[in-house]
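Trainee: Could you take me through one part of this model in detail? I would like to see how two of its helices pack together.

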Amino acid sequence: MSQASRGITNALTIKLNQRLDIGLFLVVMVLLGLGLVMVTSASIDIADKNYNNPLHYFYRQSIYLMGGALFGMLAYRIPLRVWERGGVLLSVAALLVLVLV
């Protein structure tokens, strides 16, 4: 590895460590993995009977997980001050959506 690429790697690592809580990230990954295992193990018989594919719900849940991760990464890129400015409006919108359900 060249000196320049090592410097870039170190700078990116430092920048990520300043913005990302590694402990929280690892706990979330473990919980997501456990949830995926639980959905799969609880639905193998039903999926096999209904869809002739014992991993049907695993695949479906994995797609939803990837979609949620994508939206989470997009939300993470929005600066905190934007969330703070729109906090009241977002809270009212969330309450309205809850009432609709």
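Mentor: Happy to! Helix 2 and helix 3 (residues 56-77) pack with their axes 6 Å apart, at an angle of about 140°. An angle over 145 degrees would count as roughly antiparallel, and the two helices are therefore described as oblique to each other. This is a predicted model, so a word on confidence helps here: helix 2 (residues 22-51) has the highest confidence in the protein, at a mean of 95. Helix 1 (residues 3-19) has the lowest, at a mean of 63. For the protein as a whole the mean pLDDT is 88, with 82% of residues at 70 or more.

Now look at the residues that make the contact. From helix 2 come L32, L36, V39, T40, S43, I46, A47 and Y51, and they meet H56, Y57, F58, Q61, S62 and L65 of helix 3. Two of these names deserve a closer look, Y51 on the helix 2 side and Y57 on the helix 3 side. The structure holds two aromatic pairs. In the one formed by Y51 and Y57, the ring centres are 5.8 Å apart and the planes stand at 80°, so the pair is edge-to-face. Y51 is partly exposed, with a relative accessible area of 40%.

For another view, turn to helix 5 (residues 87-100), whose 14 residues reach 20 Å from the first C-alpha to the last, close to the 20 Å expected at 1.5 Å a residue. Helix 5 is hardly covered, and its count of buried residues is zero.

Technical notes
Residues are numbered from 1 along each chain as its sequence is written. This is a predicted model: local features need pLDDT of at least 70, side-chain atom pairs count only at pLDDT 80 or more; totals for chains, interfaces and linings use all residues. Side-chain values use heavy atoms; hydrogens and water are left out. pLDDT is the predictor's confidence in each residue, from 0 to 100. Helices (H or I, at least four residues) and strands (E, at least two) are DSSP runs, numbered from the N terminus. Rings of Phe, Tyr and Trp (its six-membered ring) pair if their centres lie within 6.5 Å; planes under 30 degrees apart count as stacked, over 60 as edge-to-face and the rest as tilted. Buried means under 20% relative accessible area, exposed over 50%, partly exposed in between (1.4 Å probe, protein chains only). The expected span of a helix is 1.5 Å times one less than its number of residues. Axes are lines fitted to C-alpha atoms, for helices over the stretch in contact, and angles run from 0 to 180 degrees between N-to-C directions. Angles under 35 degrees count as roughly parallel, over 145 as roughly antiparallel, 65 to 115 as roughly perpendicular and the rest as oblique. Contact means heavy atoms within 4.5 Å.
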